[in-house]
Each structure stands twice: as C-alpha cells, then as structure tokens.
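Visitor: I would like a close look at a single part of this protein. Pick one helix and work outward from there, please.

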Amino acid sequence: MQFHHHGYVSADPRVQDAAGTGIDRPAELPDEMDILIVGSGPAGMLLAAQMSQFPSLTTRMIERRDGRLVLGQADGIQPRSVETFQAFGFAERIVAEAYNIAWMNFWGPDPENPDNIIRTARTEDYALKISEFPHLIVNQARVLDYFAEAAAHGPGRILPDYGIEFVGLTVHDDGEFPVEVRVRHVAGERAGEERTVRAKYVVGCDGARSGVREAIGRKHVGAFSAHAWGVMDVLVNTDFPDWRTKCAINSEAGNILLIPREGGYLCRVYVDLGEVAKDDDHRVRRTPIEAVIAKANDILHPYSLDVKQVAWHSVYEVGHRVTDKFDDVDVDQGHDPRVFLTGDACHTHSAKAGQGMNVSMQDGFNLGWKLGQVLTGLSPASLLSTYSAERQPVAQQLIDFDREWSALMARKPEEISDPQELATFYLGTAEFPSGFMTQYGASMIVTDAAHQALAEGFPLGKRFKSAEVVRVCDGNPVHLGHHAKADGRWRIYAFADAPAAGEESVLADWAAFIASPESPVQRFTPEGADVDAVFDVKVIYQQPHEDVDIARVPEPFLPKTGPLGLTDWEKVYAAAPSAWTSADIFEERSLSRDGVVVVVRPDQYVAAVLPLDATDELAAFLAGAFVDQHAPALAHALN
C-alpha cells in the first residue's frame with residue numbers, strides 16, 4: 001500500500017487523517033445533513049465506508065439497535081464480495097478468520113437402503129476457478145465490524161448513531177435539504193424523544209420491513225412460497241463424516257443444506273420443514289428448535305447430531321420479492337431521485353444461495369460513489385437515476401436464480417431423475433452466485449460496445465477482471481486491479497501500442513492529450529486538487545519491465561501529488577513475463593496490440609473501451625458523466 005505522500009507516517013497507515021466533517025464530528029445527530037443512511041446492515045455499512053472517503057460531506061447513519069450487531073443471519077461471502085473487501089482494505093484479515101469453501105459434496109438416498117444416505121458426488125468449489133478470490137463463510141457481524149472500521153478510519157470518521165429509529169419522511173419540492181425525516185430515540189437518556197431532521201438524500205438500508213420503502217410508497221412484488229426451512233448455528237458432536245464440508249443432502253425425510261462456519265467447530269444447518277398449509281398463517285415460524293434438531297437427525301440417518309449448543313436459530317418461509325423501483329421517482333416525473341432503497345429493503349429471497357448480503361453490498365457500492373460525485377459537484381444529479389436502472393435488473397436476476405435453486409433444493413427423492421443434477425447446476429451457474437455475471441447496459445456511465453473487440457477480456461458493464469502485471473519501478477508482479485481502492489476515483493488504464501517508452505507512438509500522443517487543457521482529466525478535476533484526485537491514470541507497456549525506461553515514460557503516468565509534490569512511481573506497469581510471473585495481460589485479456597484505453601468506474605465496473613487515438617470519444621463520454629470544473633458558469637456559481 002502507498003502512504004507517506006502527505007508526510008512521514010509511523011502509526012497504522014490504514015487509519016487515514018481526518019478531514020472535513022471528520023475533524024470535529026458532532027456526537028449528536030445534526031438537524032441538517034447531506035446524506036442520511038437508515039440502517040446499518042451490509043449495504044448501509046458499506047455505504048458509510050464509501051462516504052467516509054468524501055469528508056466534505058455530512059453523512060450520518062441511524063440504527064435502531066443500541067449497538068453493533070452480535071448475531072448475524074447472513075454468512076456466505078462470494079468472491080466478488082471478497083474483491084470488494086480488498087478495495088476497502090480488509091480482505092486479507094477477514095479471509096484469515098473465515099471458513100474457505102474448497103469443496104461441495106452431495107448426498108442422496110442409498111439405492112440399496114433408501115432410509116440411509118450416501119455421498120453421491122464431490123465437486124470442487126467454483127471460486128478459485130473463475131477468480132483469484134475465495135468463497136468464504138464468516139459471520140455477518142464481522143463483515144459489518146470491518147466496514148464500520150473502514151468508515152471510522154476514513155477521513156470522514158463516520159460512526160453509526162445507535163438507538164435512533166426511522167419514523168417517516170416527506171420529500172419537499174424545494175429547499176437545500178428537501179427530505180424531512182422524523183426519527184425517534186429508542187435507547188439512552190433520550191429514549192422516547194422524537195425530532196425532525198433534514199437531508200439532501202436519504203438511503204433506506206433498513207431491511208425487509210423497510211419503513212423508508214413504505215414512506216415513499218414502493219411495494220414489494222412477489223410472495224412467499226409454501227415451503228418452510230429451519231436454520232440453526234450449532235456446536236455438535238456427530239459421526240457424519242462431511243460435517244466440515246459444505247453439503248447438499250437429500251433424503252426420504254427431507255433436505256439439508258450444511259454450511260461449516262468459521263472457527264473450526266460451528267456449523268449452519270438449513271433443515272427442510274416441508275410444505276406449509278395454506279391456512280398456516282405463519283404458525284410454522286413458531287416451530288421449536290427441538291423439532292428442527294429432530295428433523296435434522298431424521299434426514300441424516302444413519303448418522304446423527306448431538307447438539308451441544310445452539311448459537312442462533314430461526315424458521316422462515318421462502319420468499320421471492322423485488323420492489324417495483326429502487327428510488328422515489330417514477331419515470332415520467334421529470335426530476336431526480338432523493339430517496340433510495342438498498343438490500344432487503346428492495347429484494348428478498350431465500351438464504352440458501354448465499355446472495356442476500358453479497359448483492360446488498362453491491363447496491364451500496366453502486367450508489368455510494370454516485371452520491372459522492374453529485375454532492376461534491378463533480379457530476380450532474382441525473383447520475384443518481386442510474387442506480388435504480390442498474391440495480392433493479394440485478395435484483396430480478398437474483399430472484400429468478402434463487403427461485404430455481406430453492407426449488408431444486410426442496411425436491412423429494414422421487415422427483416430426482418439424475419443424482420448429479422444439483423451438482424451440475426451448482427457448477428454450471430457459478431458465475432452468477434460468485435457475483436461476476438452482473439453486466440450493466442449502455443448509459444451515461446457505460447459506453448456501447450463499438451470497440452469491444454479491442455479488449456474482449458474486459459466486457460463493458462462487467463466488473464474489471466484483474467490480471468498480473470509487473471510494476472516497473474521495482475519489478476514486482478502485482479494484480480493490476482488490486483491497486484484500485486474504494487476511494488471514489490475512476491481508473492483509466494492505457495494499454496500501450498508496440499513502441500517502447502519514449503519512442504514515437506500512439507500512446508505518446510494520447511499522453512500528450514491527457515496533459516492538455518482539453519483533456520477530461522484536466523477539465524473534470526477541481527482547481528487546486530491533485531491531478532489524480534478524480535482520475536487514476538495508469539499505463540501498461542507490452543515490453544518486459546527491464547526494457548521500460550521509466551525516465552522516458554510520459555509525465556501523466558508519473559504525477560507529482562500531495563502537499564509535498566512527490567512523484568507517484570506506481571502507475572507504470574509492464575505486461576510481458578518476468579522472472580516472477582509468466583502472465584501477459586495482453587494475452588490473458590485479449591487486448592489489442594495496437595493499444596487500447598479501458599475506463600473503469602469507482603465501483604470497479606468497466607465503463608468504456610476505446611482506441612488510443614479516440615481522444616474525442618473519451619472526452620465526449622466523460623463529459624456526459626461529469627461537470628466541467630473550469631467552466632465560467634461553474635466558477636461564478638461557486639463564488
């Protein structure tokens with residue numbers, strides 16, 4: 001990691017210097033704020049961590065609980081989420097304490113004795129086949145802890161305001177803080193006190209029974225299925241041999257999804273409780289834990305569980321619902337949204353596909369940088385309309401996937417013609433649950449595919465799939481995408497044409513354009529800010545790193561930043577193999593040897609693929625997403 005660019009650092013470099021609103025953050029919830037986050041679940045905590053990178057803004061988060069989450073319901077962490085954790089700086093630490101899913105085994109009735117179960121298949125997990133990031137199991141509470149730490153250690157020093165619940169809101173047509181929010185203190189000395197605060201924007205991260213959703217008149221579309229599951233986190237002694245391996249178990253008595261938990265002893269068990277009668281009226285939710293344990297033992301026969309402790313348990317009916325829109329504005333209203341919904345507030349489904357927390361976090365990641373850019377004047381407010389447009393289709397895809405997975409998991413033995421079908425489905429659909437299938441369509445922040453052939457390995461609208469390169473300044477092999485932190489900046493990767501550094505080339509002309517006043521980097525970076533404050537521009541040469549003369553690399557790739565004006569040496573890379581790696585990113589990602597520019601959004605999704613000589617197209621595309629920071633009208637308005 002890079003630090004010292006603002007002066008010598010001897011303490012933990014992960015704790016950034018406080019700035020802006022983080023310098024003297026009021027302990028009490030203020031009367032007015034830029035952003036109010038309602039709820040401190042996965043989407044809300046990620047959003048707070050992202051907004052802490054925009055310390056000029058006042059962001060507050062209210063949470064009804066009186067403190068941190070202790071027992072989290074979600075536990076599955078998909079590879080895309082681990083990639084996101086890496087951007088927020090805590091992937092290595094959370095991987096170290098998590099359970100890593102290496103295999104998934106499948107069990108079914110023994111054909112010779114159907115009352116017993118036998119192992120029918122072993123499958124390697126999909127994660128490391130499609131990504132450098134693992135598939136993990138870890139307590140949701142720990143995920144929230146890490147994001148809370150990132151929010152508290154960011155320049156904005158954001159902390160949850162615990163013990164305050166959302167009551168209601170009204171969106172006014174005008175005013176600097178048009179969203180009027182009613183809140184109530186439910187803990188501490190002020191318990192029972194109600195007050196009104198005002199915000200420019202409100203984000204509802206308040207779960208399946210979202211009060212924010214109700215306040216803006218949005219509706220969950222869908223229904224519960226007539227099937228119930230018990231779920232329990234348990235410490236047991238057992239003779240079941242795959243207790244520490246993820247398993248899908250089908251038997252004459254029902255079904256189990258077994259997921260080992262972090263720590264080496266704990267395990268989560270989803271137990272099929274069968275069909276629910278139409279007149280049940282949710283009575284199944286009162287099923288005692290003793291009945292769930294007994295059912296689990298029936299399913300596992302001839303094996304058994306001796307439960308020593310139940311850390312947490314619940315009973316639920318599978319629901320598949322998605323909200324009709326993820327913000328407060330209908331298409332024909334002609335103004336930009338002020339209130340947004342994320343996570344379970346806008347999509348609910350079963351827990352067995354391990355998607356809820358993961359998709360919720362990507363909701364927060366998608367929205368956070370957009371709010372930051374709009375509120376800091378970098379982008380027009382119309383950018384915020386892309387949130388619902390991008391995330392609602394993803395939620396619908398999730399519902400469709402989960403409905404199919406849940407149906408397969410709940411089948412009876414006589415309904416299964418192929419014992420390998422579930423394993424085949426698990427591996428065949430891996431890209432979706434891993435989080436890598438999401439692809440945003442063309443918009444003001446994703447170009448059309450006119451030049452996609454120049455970078456086939458970086459599909460437009462999909463997450464930037466990292467690959468190894470060699471850092472020229474020190475010869476170390478590194479993952480190019482791992483240098484991109486969740487700091488709200490855009491990445492522009494210039495993959496060079498064939499000539500070496502310092503020679504006449506299309507890249508040299510491109511670099512001259514980037515340094516010119518007509519460049520989007522110059523036009524959309526605020527006066528007085530570091531040249532890479534908005535756009536992090538990097539170059540990747542085709543030659544081996546020892547053949548790249550860094551002294552001849554164009555200036556835009558060696559910017560001087562920070563109060564000391566120090567050269568950043570870590571923006572120049574080489575693609576060719578070295579003593580430490582055989583990788584060649586041009587080959588791995590099918591990149592044109594004539595050179596190509598790949599633009600990546602702050603949430604790590606590919607926004608544009610362009611030829612090196614298409615400087616007008618680059619400028620025009622970014623002009624649609626940014627506000628010119630040097631235009632006379634803007635300068636006058638800011639004065």
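Guide: What follows starts at helix H2 and moves out to the rings, the cavities and some backbone details. Keep in mind that this is a predicted model.

Start with the helix itself. H2 spans residues 79-88. How many of its residues are buried? The count is 10 of 10, so the helix is mostly covered, given that buried means under 20% relative accessible area. The run opens with Pro 79, Arg 80 and Ser 81, all buried. Val 82, Glu 83 and Thr 84 are buried as well. So are Phe 85, Gln 86, Ala 87 and Phe 88. Charged residues are therefore among the buried ones here, including Arg 80 and Glu 83. Just after the helix comes Gly 89, with a positive phi of about 90°.

Now follow the rings. Phe 85 and Phe 88 of H2 belong to a cluster linked by ring pairs. The other members are Phe 90, Tyr 146, Phe 147 and Phe 365. Phe 365 falls within helix H8, residues 356-375.

Next, the cavities. How many cavities of 30 Å³ or more does a search of the whole structure find? It finds 2. H2 contributes to the lining of the largest cavity, and to that of the second largest.

Take the largest cavity. It holds about 160 Å³ of space. Its lining has 16 residues. Nearest its centre lie Gln 355, Val 359, Gln 362, Gly 435 and Thr 438. Which elements each supply at least two residues of this lining? They are H2, H8, helix H9 (385-409) and H11. By class, the lining has 8 polar residues, 6 nonpolar and 2 charged.

The second largest cavity has a volume of about 120 Å³. Its lining has 18 residues. Phe 464, Gly 481, Ala 484, Val 600 and Gln 604 lie nearest its centre. H2 and E21 are the elements that give two or more residues to this lining. H2 supplies the largest share, 3 residues. The classes divide into 8 nonpolar, 5 polar and 5 charged. Two domains each give at least three residues to this lining. One is domain 1, which covers 20-89, 138-221 and 321-403. The other is domain 3, residues 452-624.

Phe 464 leads on to another ring pair. Its ring and that of Tyr 493 have centres 4.7 Å apart. Their planes lie at 10°, so the pair is stacked. Phe 464 sits in the loop between helix H11 (431-434) and strand E19 (468-471). Tyr 493 is in strand E21, residues 490-495. The pair therefore ties together parts that are 29 residues apart in sequence. Phe 464 is buried, and Tyr 493 is too.

Beside Phe 464 in sequence is Arg 463. Its charged end sits over the ring of Phe 436, 3.8 Å from the ring centre. A similar arrangement involves Arg 338, which lies over the face of Tyr 201 at 4.7 Å from the ring centre.

Step back to the whole structure. It holds 22 aromatic pairs. One of them joins Trp 107 and Phe 240. That pair is tilted, with 4.8 Å between centres and 50° between planes. Trp 107 belongs to strand E5 (residues 103-110), and Phe 240 to the loop between strand E12 (220-238) and strand E13 (246-251), so the pair ties together parts 133 residues apart in sequence. Trp 107 and Phe 240 are both buried.

Finish with the backbone. The peptide bond from His 301 to Pro 302 is cis, with omega near 20°. Pro 302 is in the loop between helix H7 (289-300) and strand E16 (305-323). His 282 has a positive phi near 65° and is not a glycine. His 282 lies in the loop between strand E15 (267-275) and H7. Its relative accessibility is 32%, so His 282 counts as partly exposed. His 4 also has a positive phi, near 75°. His 4 is in the segment before strand E1 (32-38). At a relative accessible area of 32%, His 4 is partly exposed.

How values were computed. Residues are numbered from 1 along each chain as its sequence is written. This is a predicted model: local features need pLDDT of at least 70, side-chain atom pairs count only at pLDDT 80 or more; totals for chains, interfaces and linings use all residues. Side-chain values use heavy atoms; hydrogens and water are left out. Buried means under 20% relative accessible area, exposed over 50%, partly exposed in between (1.4 Å probe, protein chains only). Helices (H or I, at least four residues) and strands (E, at least two) are DSSP runs, numbered from the N terminus. Rings of Phe, Tyr and Trp (its six-membered ring) pair if their centres lie within 6.5 Å; planes under 30 degrees apart count as stacked, over 60 as edge-to-face and the rest as tilted. A charge sits over a ring if NZ of Lys or CZ of Arg is within 6 Å of the ring centre and within 35 degrees of the ring normal. On a 1 Å grid over the protein atoms alone, a cavity is a set of points where a 1.4 Å probe fits but cannot get out, and a pocket is an open set with protein on both sides within 12 Å along at least five of seven lines; lining residues have an atom within 4 Å of a point. Grid points are joined across faces, edges and corners, and a volume is the space filled by probe spheres set on the points. Domain bounds come from an automatic or database domain assignment.
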